[in-house]
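Here is a short note to read beside the model. Take the points in order and keep the structure in view.

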Amino acid sequence: QSTAVQWTTASGGNGHWYGIVGGGGTIGWHESRGQAQNIGADLASVDSDAEWGFIRQFASTPTAWNEHHGPWLGGYQDETAANFSEPAGGWRWVTGRPFVFTAWLSGQPSNDCDFNSENYLHMYGSPSNLAWNDIGEASTCSALPVRAAIIEYSADCNSDGIVDYGQILSG
């Protein structure tokens with residue numbers, strides 16, 4: 001797990017903290033989400049171009065990448081959603097926030113994984129050209145597997161008026 005970095009409201013951010021889990025061997029989307037939830041976070045949701053810009057800079061940690069395959073994000077395709085259709089319908093954020101802003105790689109989502117479902121969102125590309133790609137939970141096709149996930153903490157999860165990450169650091 002990486003040290004969390006805050007996207008401060010003073011810099012135009014949402015006040016949330018972001019970190020990386022994984023970075024060793026391969027890790028599935030559900031396993032990444034479980035690790036995030038175990039520490040009071042969840043997989044990151046991206047609501048704007050500004051947030052995507054912050055996450056892109058933050059996610060450049062080399063151990064979080066496997067060639068062009070970058071960390072998981074909190075997007076998933078809900079096959080039970082009324083608007084579900086392949087490949088682009090039914091996408092949701094784990095937070096329940098609207099899935100409005102997107103940064104898909106050209107031609108994505110594609111659901112093109114040797115006829116297997118690609119229902120999970122991860123970063124793809126190179127540090128200078130990052131975008132989103134849909135991929136399966138585990139690497140069931142010829143794609144390289146994912147090694148890490150970007151996680152997001154609310155600034156005040158317990159609503160006591162104090163930034164929780166700061167509380168943890170101060171004991």
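1. Start with one term. A residue counts as buried when its relative accessible area is under 20%. Asn 133 has a relative accessible area of 9%, so Asn 133 is buried. Keep in mind that this is a predicted model.

2. Where does Asn 133 lie? Its place is in strand 7. Which residues does Asn 133 touch, not counting residues up to four places away in sequence? They are Trp 104, Gln 108, Tyr 120, Leu 121, His 122 and Tyr 124.

3. Now the overall layout. The protein chain has three helices and eight strands. Along the sequence, the pattern reads β-β-α-β-α-β-β-β-β-β-α. The chain has 171 residues, and 46% of them are buried. It exposes about 8200 Å². Carbon and sulfur atoms supply 51% of that area.

4. Contacts across the sequence come next. Take the contacts with a separation of 6 or more. Residues 24 or more positions apart account for 65% of them.

5. Helix 2 deserves a close look. This helix covers residues 49-58. Its buried residues are Glu 51, Trp 52, Gly 53, Phe 54, Ile 55 and Phe 58. What do these buried residues pack against? The list starts with strand 1 (5-6), strand 2 (17-22) and strand 4 (69-77). It also includes strand 6 (120-126), strand 7 (129-135) and strand 8 (148-153).

6. Turn to the nonpolar cores. In soluble globular proteins, nonpolar side chains tend to be buried together. Here the largest nonpolar core has 25 residues. Those with the most contacts inside it are Trp 52, Ile 55, Leu 73, Met 123, Trp 132 and Ile 150. At least two residues of this core come from each of strand 2, helix 2, strand 5 (91-93), strand 6, strand 7 and strand 8. Which element gives the largest share? Helix 2 does, with four residues. Another core, of 16 residues, lies apart from this one. Among its members are Ala 4, Tyr 120, Ile 135 and Val 146.

7. Next, the aromatic rings. The count comes to 13 aromatic pairs. One of them joins Trp 52 and Trp 132. The centres are 5.9 Å apart, and the planes make an angle of 85°. Planes over 60 degrees apart count as edge-to-face, so this pair is edge-to-face. The pair links distant parts of the chain. Trp 52 sits in helix 2, Trp 132 sits in strand 7, and the two are 80 residues apart.

8. Are these two rings' residues buried or exposed? Trp 52 has a relative accessible area of 3%, so it is buried. Trp 132 is at 0% relative accessibility, so it is buried too. Both also belong to a cluster linked by ring pairs. Its other members are Trp 91, Trp 93, Phe 99, Phe 101 and Trp 104.

9. Finish with a loop. His 68 is found in the loop between helix 2 and strand 4. At 41% relative accessibility, His 68 is partly exposed, because that value falls between the cut-offs of 20% and 50%. How far is His 68 from Tyr 124 in sequence and in space? They are 56 residues apart in sequence and 5.5 Å apart in space, C-alpha to C-alpha. Setting aside neighbours within four places in sequence, His 68 is in contact with Met 123, Tyr 124 and Gly 125.

Methods: Residues numbered from 1 in each chain as written. Predicted model: local features only at pLDDT ≥ 70, side-chain atom pairs only at ≥ 80, totals over all residues. Heavy atoms only, no water. Buried < 20%, exposed > 50% of the residue type's maximum accessible area, 1.4 Å probe, protein only. Contact = heavy atoms within 4.5 Å. Areas by Shrake-Rupley, 256 points an atom, 1.4 Å probe, with all protein chains shown as cover. Core = buried A, V, L, I, M, F, W, Y, C linked by side-chain atoms within 4.5 Å. Phe/Tyr/Trp six-rings, centres within 6.5 Å; stacked < 30°, edge-to-face > 60°.
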